[in-house]
Amino acid sequence: MRRSTWKAAALAIVTAAVAALGTSGAHAADGTVHGCPSGAVCIYPEGASILTSTPTDFFYSYGAHNLHNQFGVHDVFNNQYGSLNATAQLCTGYNGVNCVTTIGLHGNGMFDLTPINSIVLNRP
C-alpha cells in the first residue's frame, strides 16, 4: 500500500510540473513579456515594433494616468495580471475622460496616440 501511495504522489508532482510548463506561453519566468514587466501596461517608442524595442513608459497603478508628449503611432501592451477584466483604456481627455479604445488582458496594438491624453488601468 505504501508503494502505491508514493507512486500516486510522484505522478501528481510530475503532472503539476507539466501543467505549469504548458501554461507558460510567451511569458518569461518573471512575467516580463517584450520588455514589459508583469502587472504593467507599457507604451513603446513611436513607430517601433513590440518585438524589437523596449518600452518607454510603464504604468502599474489602477486608475487614470495623463500622457505627455506622445504623438504618432505607438505599440501599447497590457501585461497586467488577474482576471480578464484587467483592461487598459485609451482616452482623448485628461484624467480618464472620453475613453475610446479598450485593450484586453495581454492584448496589444498599434495606436495613434496624438489624440490620446490619458490611459486608464482598470482593476480586475
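**Two sheets and a buried histidine**

Biologist: What share of the contacts in the chain with a separation of 6 or more comes from residues 24 or more positions apart?
Modeller: This is a predicted model, where local features need pLDDT of at least 70 and side-chain atom pairs count only at pLDDT 80 or more, while totals for chains, interfaces and linings use all residues. Residues are numbered from 1 along each chain as its sequence is written, and side-chain values use heavy atoms, with hydrogens and water left out. A contact here means heavy atoms within 4.5 Å. Counting contacts with a separation of 6 or more, the share from residues 24 or more positions apart is 62%.

Biologist: In what order do the elements come along the chain?
Modeller: Elements are DSSP runs numbered from the N terminus: helices (H or I) of at least four residues and strands (E) of at least two. The chain has one helix and eight strands. Starting at the N terminus, the order is α-β-β-β-β-β-β-β-β.

Biologist: How much of the chain is buried?
Modeller: Buried means under 20% relative accessible area, exposed means over 50%, and partly exposed is in between, with a 1.4 Å probe and protein chains only. The chain has 124 residues, and the buried share is 34%.

Biologist: Which strands are the edges of the open sheet E2-E1-E4-E7?
Modeller: Two strands pair if DSSP finds at least two bridges between them. This sheet has four strands, and its pairing is antiparallel. Two of its strands pair on one side only, namely E2 (57–59) and E7 (108–112).

Biologist: Which residue in E2 is the bridge partner of Ile 43?
Modeller: E1 covers residues 40–43 and pairs with E2 in the antiparallel sense over three bridges. Across to E2, Ile 43 has as its bridge partner Asp 57.

Biologist: And the other open sheet, E3-E8-E5-E6: which residue in E8 is the bridge partner of Ala 64?
Modeller: That sheet also has four strands and antiparallel pairing, and its edges are E3 (63–66) and E6 (99–103). E3 pairs with E8 (residues 118–121) over four bridges. In E8, Ala 64 has as its partner Val 120.

Biologist: Is His 74 buried or exposed?
Modeller: His 74 sits in strand E4, which spans residues 73–79. Its relative accessibility is 4%, so His 74 counts as buried.

Biologist: Which residue's backbone oxygen does the side chain of His 74 reach?
Modeller: A polar contact is a pair of N or O atoms within 3.5 Å; within protein, one must be able to donate a hydrogen and the other to accept it, and residues adjacent in sequence count only if both atoms are side-chain atoms. One partner is the backbone nitrogen of Glu 46, which lies 3.3 Å from a polar atom of the His 74 side chain. At 2.8 Å, that side chain also reaches the backbone oxygen of Phe 71.

Biologist: Which side chain joins that of Gln 70 in a polar contact of 2.7 Å?
Modeller: Gln 70 lies in the loop between E3 and E4, and it counts as buried because its relative accessibility is 11%. A 3.4 Å polar contact joins its side chain to that of His 74. The 2.7 Å one goes to Asp 57.

Biologist: Which elements give two or more residues to the largest nonpolar core?
Modeller: A nonpolar core is a set of buried Ala, Val, Leu, Ile, Met, Phe, Trp, Tyr and Cys residues joined through side-chain atoms within 4.5 Å. The largest one has 13 residues, and those with the most contacts inside it are Val 76, Leu 90, Leu 113 and Ile 119. The elements giving two or more residues are E1, E5 (88–91) and E8.

Biologist: How many residues does the second, separate core have?
Modeller: Its members include Cys 42, Tyr 44, Ile 50 and Phe 77. The full count for this second core is seven.

Biologist: How far apart are the C-alpha atoms of Tyr 60 and Gly 39?
Modeller: Tyr 60 is in the loop between E2 and E3, and at 47% relative accessibility it counts as partly exposed. Leaving aside neighbours within four places in sequence, its contacts include Pro 37, Gly 39 and Leu 121. Tyr 60 and Gly 39 are 21 residues apart along the chain, and their C-alpha atoms are separated by 6.2 Å.
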